[in-house]
Every structure is written in structure tokens, then in C-alpha cells.
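I opened the notebook to log a set of look-ups. The entries follow in the order I worked through them.

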Amino acid sequence: MARSIALYHPSAGVRPKNNPFGKDVANVELFKAVLRYADVDRVDFLTGAQVAPADLVMGLTPGEVARPQVTTTHLLDMGPAKDAGAMVRGVPELTDMAWLRRQVGLENTYSLVGMVHTLAPPAMREMIAKSAVAPMQPWDALICTSPVVQASLTEMFDEWTGYLADRYGGTKQIRPHLPLLPLGVEGSAFAALADRPDVRAATREELGVGPDDIVVMWVGRLSFFEKAFPQPMFRAAEEAARATGVKVHFALVGWFPDPVGHRAMYEEAVRAYAPSVSVHYLNGNDSDLVGRMWAAGDIFLSLVDNIQETFGITPLEAMAAGMPVVASDWDGYRFTVRDGIDGFLVRSLGGPVGAGQGMLNRHLHMGMTYQSYVGSIAQHTAINVGDAAARIAELIASPDLRARMREAGRRRIRETFDWKVVVAGLQELLRELDAIRIAAAPEELKYRRNPTKTEPFGAFARFATTVMSPNTRVWARPGVTLEDLERTRSVRLDDFAGNWRASQADSAAMLARLIAEGELSMRELIAPFPNAHQQLLGMSVVWMCKLGLLDWR
């Protein structure tokens with residue numbers, strides 16, 4: 001097997017401190033897990049930032065010693081991908097990377113592997129679909145984190161490639177591999193946070209929770225338009241409290257996109273639907289507080305109703321913490337939570353097929369925001385309040401049931417969703433893709449460059465009267481001296497984009513020669529310089545022509 005793994009990590013960043021999105025957290029957690037558990041000798045990070053390997057490791061896994069060697073390099077360095085046999089990226093945008101791989105003749109040397117975190121935005125689906133017309137290969141993959149995502153993408157690619165074949169008369173329907181691989185959690189870390197009786201007691205006392213009270217808990221963004229409308233959860237908690245006669249607290253551990261306006265809307269809904277429930281709004285950006293709540297909580301509740309949600313990491317965190325989960329029977333939740341074993345799944349009801357076309361049209365053509373689009377869909381997606389209330393009440397009434405689900409959930413994490421298991425699954429996938437690539441017959445390539453994204457001086461050559469070539473003849477304009485070139489250093493407009501041309505010293509050498517010898521062809525002018533510098537020299541000559549130092553014909 002490959003003894004290295006290449007990770008595409010443009011920002012070289014760590015988990016955002018405030019209001020993180022799930023996909024950002026998931027990608028960083030994946031990179032951490034690779035450092036901890038991958039069976040490799042070296043991890044290569046391709047980044048867009050100047051960061052030393054030791055600093056990157058410290059940011060991702062502070063206080064830990066990286067077991068494999070870690071290197072960092074720039075985003076266009078394809079050497080690590082060749083060594084590893086694959087390039088892993090935490091998003092599904094692989095089209096430009098596929099064209100770049102083909103352009104430099106490396107199509108059969110490594111796989112491209114992306115990860116799908118959401119299918120809801122039409123622009124995201126379109127971006128993913130582009131891989132069918134890009135030079136993606138059967139040894140490339142878009143990781144699907146749930147069976148529903150996998151089935152949805154298969155259907156989309158079937159229809160999209162079928163359309164392309166019908167329109168253009170083609171017979172090939174190449175698409176990336178669509179493997180199923182979930183996200184993960186550090187099971188032992190969440191168990192350690194939860195198994196602190198002293199912290200549990202102190203935190204519950206701070207919240208005014210009595211010894212026999214029940215704390216129902218939500219963790220994540222408090223966004224009704226991108227996560228879940230809270231009214232079903234409020235009603236279910238209220239009905240469960242009434243049915244059992246037990247005091248219920250609902251801890252909303254998260255953050256509001258609009259802390260003032262949206263919190264007021266939640267409080268209004270609480271007054272209408274959960275008047276007897278004590279609702280606590282807790283800062284989900286405070287990692288210490290979140291950790292204490294994993295110890296303080298009794299039941300995890302997440303009645304997500306939004307198409308933005310394709311996996312859902314927080315139910316896994318709850319299971320790792322030993323908390324029974326009551327979740328909507330929705331997409332990835334259906335994959336992670338086993339109904340009646342780790343928790344309960346609550347029936348959901350989508351709107352009638354076809355009724356959302358107007359919403360889509362308004363989003364695509366009339367300026368309806370994405371948040372309004374998915375929020376409008378979610379408002380017309382139902383989660384069964386009665387079932388949710390009954391399941392919460394069942395858990396409130398039975399400490400033994402909570403204990404059984406606690407153990408079952410933790411076992412589920414250890415066996416399936418612990419990062420150690422997920423990283424092993426990722427490496428197995430990379431081996432499978434490697435075998436597909438090695439077995440593939442070489443393909444004769446007619447087009448090596450993306451016709452829609454070609455090199456600009458060639459693509460727009462018709463715009464100019466002529467373009468620079470080895471036969472272009474140039475000369476210094478009358479009266480021009482080296483002082484004229486030196487003056488450009490003090491003119492900021494002249495200095496713009498200086499990294500795309502030769503050094504000032506090389507430019508001065510060319511200008512001095514033209515002043516001394518007169519007219520020369522570009523071939524003659526740049527001949528004394530190393531071949532590797534010649535494009536930069538040509539750019540410098542055009543720049544000097546632009547500033548009126550040189551003339552040409």
C-alpha cells in the first residue's frame with residue numbers, strides 16, 4: 001500500500017472558533033484523525049498558506065506528537081498525490097483539479113477523492129454534476145456520507161449523463177465512483193467529557209435543574225432556515241413533560257445567525273408551545289460549556305427537517321457521550337441512529353412532489369436567497385410531534401431504557417463511527433481506487449486542456465493587434481535610459497503584479513542591451529538567459545512596452 005496520504009487543505013486552518021459550519025468542523029476533524037490513525041509513514045498537506053509542518057500539526061492536534069512525518073507544500077504540487085496514489089479533498093469540487101491533472105499528463109497516476117457534505121444548494125448539485133463532463137475517471141471518487149446521499153447522487157448522475165447522451169449522441173457515461181463512507185467522532189473524548197459526575201452535578205445546579213428533572217439537549221446552529229424549525233421540539237418536550245409529570249429542561253446549546261431577532265422568535269415559540277418547559281439558551285461556541293453539557297444532559301433531541309442536512313454529526317457526539325437520541329427519520333440520521341437501539345427515529349413527512357417548483361424558480365431566477373429557499377421547504381416538512389413526545393416520555397419514564405441505549409450507542413460508535421474506524425475505511429477505499437486505476441487500459445487523449453478555461457494570452461490573442469513571439473522585434477524608444485526603468489520602483493501602479501515578470505535586474509539587463517545594440521528579435525534578446533526564465537522575460541518586455549520604454553513591430 002502507499003506509505004503516504006495527500007490532503008488538500010487550502011486554508012491550512014483549524015476548527016473555526018465561532019459559529020462553525022458542520023462541513024468545516026468535519027474536514028478539520030478528518031485531517032486530525034488521519035494524523036492520529038492513518039497507517040502511513042507520511043502525511044502531505046497541500047495548502048495555500050505559508051505554514052511550517054510543525055505549526056500545522058500544532059494547530060490541528062495541540063499537545064500531541066504526530067506519529068507520521070508531516071510535510072506542507074503548495075496547492076499545485078502534484079508530487080505528493082503521485083506518491084500516495086490519491087489526493088483527498090474535503091469538498092466535492094474536483095473539476096479543475098481533474099483538468100490540471102490531465103494537462104500535465106498525470107491522469108493515470110493518482111485518484112481524486114472529494115467529499116459531499118450537502119446536496120441542497122442547486123449550485124452545489126450543478127458543481128458536482130460538472131464532474132461528468134470533466135476528465136474524471138472511474139478511479140476518482142465522491143465520498144457519500146449516507147446511503148440517501150449515495151442514492152440521490154446516483155439518480156442525479158443517471159439523469160444528467162442520460163441527458164448528455166441524448167443531446168449529443170454519446171455512448172460513454174463516465175462518472176466518479178460514489179462510495180459510502182461516514183464521518184466520525186472521537187468516541188473516547190466524548191465519553192470522557194460525559195462521565196464526570198461532579199461536573200454533571202455542578203452544571204445542573206447552575207442551571208437550576210432538580211435531582212429528578214430531565215435535561216433534553218440540542219447542540220448546533222439555532223437556525224430555523226438551515227437546521228430545524230424548533231416548534232415540533234418545543235411541543236414534543238411540553239407534551240412529554242405533561243405525560244410524565246416530570247420537570248423538563250430543554251438546553252439549546254448553539255448559536256443564532258441573528259442573536260437578537262432569531263432568539264426573540266424562538267422565545268415567542270416557547271411561550272406558545274412549551275410554557276412549562278425551562279428553555280436554556282447556552283453558548284455553543286464555549287467549548288468548556290459544551291463539554292459540561294455532555295455530562296449534564298439526559299436525552300438528545302434533534303428533529304431536523306432541512307434538506308441542507310445530509311449527515312448530522314451531533315447525534316454521533318451524543319451517542320459517544322452516552323446519551324439516547326430522539327431524532328427525525330431523516331437522511332443521514334436514518335443511517336446513524338438505529339431505531340429502538342441507540343435511540344428513536346421520528347416519522348417525517350415531505351411536501352407533495354412538484355409543489356416546490358415555484359420555490360426553486362424563485363431561488364434560481366428571482367433573487368430568493370438560499371436561506372429562504374431551504375427554509376421554505378423546511379417549513380413544509382413535518383416531523384411527527386406525537387411520536388416524538390411519546391419517545392421522549394418513554395425515555396423519561398425509564399432510566400433502564402436510557403442506560404441500555406447509552407451502552408448501545410457507545411458500542412455503535414466504537415464499531416462504526418469512531419474516527420479510527422472511519423480512517424481505516426478511507427484507506428481501504430484508496431486501495432480500491434488504486435486497483436481500478438492500475439487495471440485501467442491507457443486512453444488516447446485528444447483534449448488535454450479545458451476548452452472553457454484556457455491560458456488567457458492564447459484565449460484572447462484575437463483581442464490584440466498581435467501577440468509577443470520569438471520573432472517580435474523590440475527596441476528602446478529614443479531618449480530612454482536605465483533611470484526610466486529605475487523610476488518604476490517608486491510608482492505603485494507600475495509595480496502591480498510584479499511577481500509575473502522577471503526581476504528588475506534582468507529587466508535592466510535587457511533594456512541596457514537594447515539601448516546599446518538597437519533593435520533585436522525576442523529570440524535574440526532572451527537567448528543569454530536560462531530557458532526557465534524566458535516566459536518571465538517576455539512578460540517584462542511587454543511591461544516595458546506598456547510603460548513606453550520600448551517599442552515593437
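**Entry 1: terms and model.** I count two strands as paired if DSSP finds at least two bridges between them. Helices (H or I, at least four residues) and strands (E, at least two) are DSSP runs, numbered from the N terminus. The model is predicted, and I kept local features at pLDDT of at least 70 and side-chain atom pairs at pLDDT 80 or more, while totals for chains, interfaces and linings use all residues. Residues are numbered from 1 along each chain as its sequence is written, and side-chain values use heavy atoms, with hydrogens and water left out.

**Entry 2: strand β15.** I looked up the partners of β15 (residues 473-476). With β16 (residues 520-521) it shares 2 bridges, and the two run antiparallel; Arg473 has Ser521 as its bridge partner in β16. With β17 (residues 550-552), β15 shares 3 bridges, again antiparallel, and Val474 is partnered there by Trp552.

Which side chains of β15 are buried? I take buried as under 20% relative accessible area, exposed as over 50%, and partly exposed as in between (1.4 Å probe, protein chains only). Val474 and Ala476 point to one face and are buried, whereas Arg473 and Trp475 point to the other and are not. In a regular strand the side chains alternate between the two faces of the sheet.

**Entry 3: the parallel sheet.** I found an open sheet of 6 strands in the order β3-β2-β1-β4-β5-β6, with parallel pairing. The edges are β3 (69-74) and β6 (141-144); each has a single partner strand, so one side of each lacks a neighbour in the sheet. From one strand to the next the twist averages 25°. For this and later angles, axes are lines fitted to C-alpha atoms, for helices over the stretch in contact, and angles run from 0 to 180 degrees between N-to-C directions. Strand β5 (residues 111-116) is joined to β6 by 4 bridges, and Val113 has Ala141 as its bridge partner in β6.

**Entry 4: helices on the sheet.** Contact here means heavy atoms within 4.5 Å. Helix α2 (residues 53-60) packs on the sheet, touching β2 (42-47) and β3, and its direction makes about 110° with that of β3. Helix α18 (residues 419-439) lies across β1 (4-8), β4 (86-89), β5 and β6, at about 140° to β5.

In α2 I noted Leu56, Val57 and Leu60 as buried. Down the axis of α2, the buried residues fall within an arc of 95°, so they line one face of the helix; the arc is that of the directions from the helix axis to the C-beta atoms. The face turned away from that buried side carries the exposed Ala54 and Asp55.

**Entry 5: α7 against α11.** Helix α7 (residues 187-194) and helix α11 (residues 287-296) pack at about 75°, with axes 7 Å apart. They are therefore roughly perpendicular (under 35 degrees is roughly parallel, over 145 roughly antiparallel, 65 to 115 roughly perpendicular, and the rest oblique). Phe190, Leu193 and Ala194 of α7 meet Gly291, Trp294 and Ala295 of α11.

**Entry 6: Thr314.** Thr314 lies in helix α12 (residues 314-320). I count Thr314 as buried because its relative accessibility is 15%. Leaving out residues up to four places away in sequence, Thr314 touches Val219, Trp294, Phe300 and Tyr333.

**Entry 7: cysteines.** How many disulfides does a search of the whole structure find? The search finds 0 disulfides, a disulfide being a pair of cysteine sulfur atoms within 2.5 Å. Cys144 is buried at a relative accessible area of 0%, and Cys545 also counts as buried, at 12%.
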